[in-house]
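Work through the exercises below with the sequence and the model at hand. Each task is followed by a solution in steps.

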Protein chains: 2
Amino acid sequence: MAKENKISMEHGAGGQQMQSLIGEIILKNFTNTSAGSVGLDALDDGATIELDRDFLNNNKKAELVMTTDSHVVKPIFFPGGDIGKVAVCGAINDLAVMGARPLAVSSGMIIPEGFSITDLEKVVHSMNDALVEIGVPLITGDTKTVEGTALDSIIINIAAIGICDAPVRDCGLQIGDKMIVSGYIADHGMALLTKREGFEFNSDLESDTAPLWKMIEPLLAVQTQAGERAVTAMKDPTRGGVADSLNEMAQKSNVGIRIYEEKLPIREAVFTSCEMLGLDPLEIANEGKAVIGVRPECAKAVLKLLKSHPYGKDAAIIGEVTEEKPGKVILISELGSTRYVDVPTGDPIPRVC
Amino acid sequence: MAKENKISMEHGAGGQQMQSLIGEIILKNFTNTSAGSVGLDALDDGATIELDRDFLNNNKKAELVMTTDSHVVKPIFFPGGDIGKVAVCGAINDLAVMGARPLAVSSGMIIPEGFSITDLEKVVHSMNDALVEIGVPLITGDTKTVEGTALDSIIINIAAIGICDAPVRDCGLQIGDKMIVSGYIADHGMALLTKREGFEFNSDLESDTAPLWKMIEPLLAVQTQAGERAVTAMKDPTRGGVADSLNEMAQKSNVGIRIYEEKLPIREAVFTSCEMLGLDPLEIANEGKAVIGVRPECAKAVLKLLKSHPYGKDAAIIGEVTEEKPGKVILISELGSTRYVDVPTGDPIPRVC
């Protein structure tokens, strides 16, 4: 039986072994590696992004958008994804919900000694698949190794750069806006928990991990009759779930949000297992969803666009923005009773991303 | 005695405890947190960088430069610096050696449960001090916590964005160029090793960790009589040391490099302890040095500029670029014998950055 290749400390030493790891496992598995005159292939100290002068000239207020996300998800392979996919999607989705077209990403990997090189290749393939789907290059990276006793699994940081004419802010909600969620909630956290704990039930549940830029891009062009952007605020509800995203948007915008239990898209299986485990699906992480505030007259148009994309086909209007109770989120149950949706205080499922 | 505050898993949960960690420990300790309309204070999904249109209009080929560096240095506090300082300097110096003015950085922290919050504050202060020194804002960040059994110490990723009209490449060396190193080599690795192993000798040795942009910026303006940039190639010799940087530059530029042992700036204490431990100072990491290729007629002017900056006061011309032995680096000893300086194959001092 062939001995499985493992990462050794020398793979992080900055010499020949590191060059071969980077060359064989990382470089050759990425399809797009350049956004300017110096790309990943150059293995220089960084990489460049050419500025699109047509875009800049047409958009007087063009701004770059930068985001960073480190991923420590455990287990690293789970139904519907792996740490590579979730790392790329996490960063890209942060740009997307700010209304920014992704230009390029960087990768920073920390790999424990003894980590399987086969697993590393699988992870790298997933990163590449997600990047290819949205046409974004990985242009620069860094690889560190640590002793196997120092770290239990691979950690991946993705930083991403995008560009927009005006960012979509968390604080942009206006009274009367409709609140939309782009599909079933809590799938990622529950799929991960099911896999991690080896539960028998829901073993077919899959994470929703997905890169959302192509779903979100057309929404940004929708305008009110007054010529204003229909989308007023947007977040991707990862750690802390929809509950955390809604509270942040309500607080930052200084408005109230009212949502309706009957309108929340929750899979039967997710709902049942949350009940059984005493978890609130509103607090469970998603990795392929957006929570969107939209001017009321454009809500149907935005919903239609969302539903026309595979990642948004189960999108729903779940509530609206109110003048009352600024900074608070209120849930109206199917029977008409109301409760505050609080900012989550604990971590129902740790290491979810 | 007051109980020392420790990081708990809830600090990474994306809820109230995380907000307070970010607010109390991170946000309030950074001086510059904005580079555009959305800064760190907004705690949005990312942050924006306003594009300097005057710069863009004056530089037809303006490109962004992106770099990323994860830091796993151990111990996290060492003479002359700590993981926070080395993380910021590592990323900034990668931009600087590409000739890019830093615009903004992001921070991605992974913190093990049980990590001292006092230590976290010290690290954050060091990050801020280095950023303030060069006037660069930290505009966005991400914080993850993992079980104390999963990771032995804090890990910090810094991604950085800069801008330049034309990047300085590793591959730009030309026959006849002079090779300059900006000061004493191997201080960082040897200071770290001394501290880690508790050696009695050299206990006053300090890491050279420093942000080099202000030292490098004036060099970029030096031009030959033909109006070409005097600096042809540049690297910061971190892991793998000067040996690795010179080999990369020689290989990528397809030229030979000849360096002279007697001209290498090495502290007596570093030289002696390297001899004693069987280490080659050329292979030991630096965190505040640049290796620079310069057109010969401008070498003295560049050296003079370097020497006028505190971080470059011990700069020296160490050799030149040759036509013979392309891709190879040759060391000429004080007695006139020659040997190849190879690409380092092992890791003399692991977890050095």
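The model is predicted.

**Exercise 1. The end of a helix**

Task: Find which residue follows H5(B) and state the sign of its phi. Then determine how many of the residues of helix H5 of chain B are buried, and what covers them.

Solution.
Step 1. Gly198(B) comes directly after H5(B), and its phi is positive, near 65 degrees.
Step 2. The helix itself spans residues 187–197 of chain B, and eight of its eleven residues are buried, so "mostly covered" is the fitting description.
Step 3. The buried residues are Asp187(B), His188(B), Gly189(B), Met190(B), Ala191(B), Leu192(B), Leu193(B) and Thr194(B).
Step 4. Their cover includes strand E3 (77–78), helix H3 (83–96) and helix H8 (268–277) of chain B.

**Exercise 2. A salt bridge at helix H5 of chain A**

Task: Describe the salt bridge between Arg267(A) and Asp187(A), and say whether each partner is buried or partly exposed.

Solution.
Step 1. The side chains of Arg267(A) and Asp187(A) meet at 2.7 Å, N to O.
Step 2. Arg267(A) sits in the loop between strand E10 (256–260) and helix H8 (268–277) of chain A, while Asp187(A) belongs to helix H5 (residues 187–197) of chain A; the two are 80 residues apart, and the pair links distant parts of the chain.
Step 3. Buried means under 20% relative accessible area. Asp187(A) has 1% relative accessibility and is therefore buried.
Step 4. Arg267(A) has a relative accessible area of 34%, so Arg267(A) is partly exposed.

**Exercise 3. Two further salt bridges within a chain**

Task: For Lys235(A) with Glu248(A), and for Arg258(B) with Glu320(B), find which elements are tied together.

Solution.
Step 1. In the salt bridge of Lys235(A) with Glu248(A), the closest N and O atoms are 3.8 Å apart.
Step 2. Lys235(A) lies in strand E9 (residues 231–235) of chain A and Glu248(A) in helix H7 (residues 241–253) of chain A, so this pair ties together parts 13 residues apart in sequence. Both Lys235(A) and Glu248(A) are buried.
Step 3. Arg258(B) and Glu320(B) form a salt bridge at 3.0 Å, N to O.
Step 4. Here strand E10 (residues 256–260) of chain B supplies Arg258(B) and strand E12 (residues 316–322) of chain B supplies Glu320(B), so the parts tied together are 62 residues apart in sequence.
Step 5. Glu320(B) counts as buried because its relative accessibility is 13%; Arg258(B), at 25%, counts as partly exposed.

**Exercise 4. The interface of chains A and B**

Task: Describe the interface of chain A and chain B by area, contacts and residue types.

Solution.
Step 1. The two chains bury about 6400 Å² between them, with 52% of it on carbon and sulfur atoms.
Step 2. Asp45(A), Met66(A) and Arg239(A) supply 13% of the area that chain A buries against chain B, more than any other three residues.
Step 3. In terms of contacts, 85 residues of chain A meet 86 residues of chain B.
Step 4. There are ten salt bridges across the interface, and 34 residue pairs are in polar contact there.
Step 5. The side of chain A that touches chain B holds 36 nonpolar, 25 polar and 24 charged residues.
Step 6. One salt bridge between the chains joins Asp44(B) to Arg169(A), with the closest N and O atoms 3.5 Å apart.
Step 7. A network of salt bridges links Asp45(A) with Asp170(B), Lys235(B), Glu248(B) and Lys252(B).

**Exercise 5. Two buried residues**

Task: State where Thr33(B) and Leu95(A) are placed and what they touch.

Solution.
Step 1. Thr33(B) is in the loop between helix H1 (16–26) and strand E1 (47–50) of chain B. With a relative accessible area of 12%, Thr33(B) is buried.
Step 2. The side chain of Thr33(B) makes a polar contact of 2.7 Å with that of Asp41(B). Residues touched by Thr33(B) also include Pro137(B), Leu138(B) and Ile139(B).
Step 3. Leu95(A) is in helix H3 (residues 83–96) of chain A, and its relative accessibility of 0% makes it buried.
Step 4. Beyond its neighbours within four places in sequence, Leu95(A) is in contact with residues including Val65(A), Met66(A), Pro102(A) and Ile161(A).

Terms used
Residues numbered from 1 in each chain as written. Chains lettered and ligands numbered in written order. Predicted model: local features only at pLDDT ≥ 70, side-chain atom pairs only at ≥ 80, totals over all residues. Heavy atoms only, no water. Helix = DSSP H or I, 4+ residues; strand = E, 2+ residues; numbered from the N terminus. Buried < 20%, exposed > 50% of the residue type's maximum accessible area, 1.4 Å probe, protein only. Polar contact = N/O pair within 3.5 Å; in protein donor to acceptor, adjacent residues only side chain to side chain. Contact = heavy atoms within 4.5 Å. Buried area = accessible area lost by both parts, 1.4 Å probe. Salt bridge = Lys/Arg side-chain N within 4 Å of Asp/Glu carboxyl O. Nonpolar A, V, L, I, M, F, W, Y, C, P; charged D, E, K, R; others polar.
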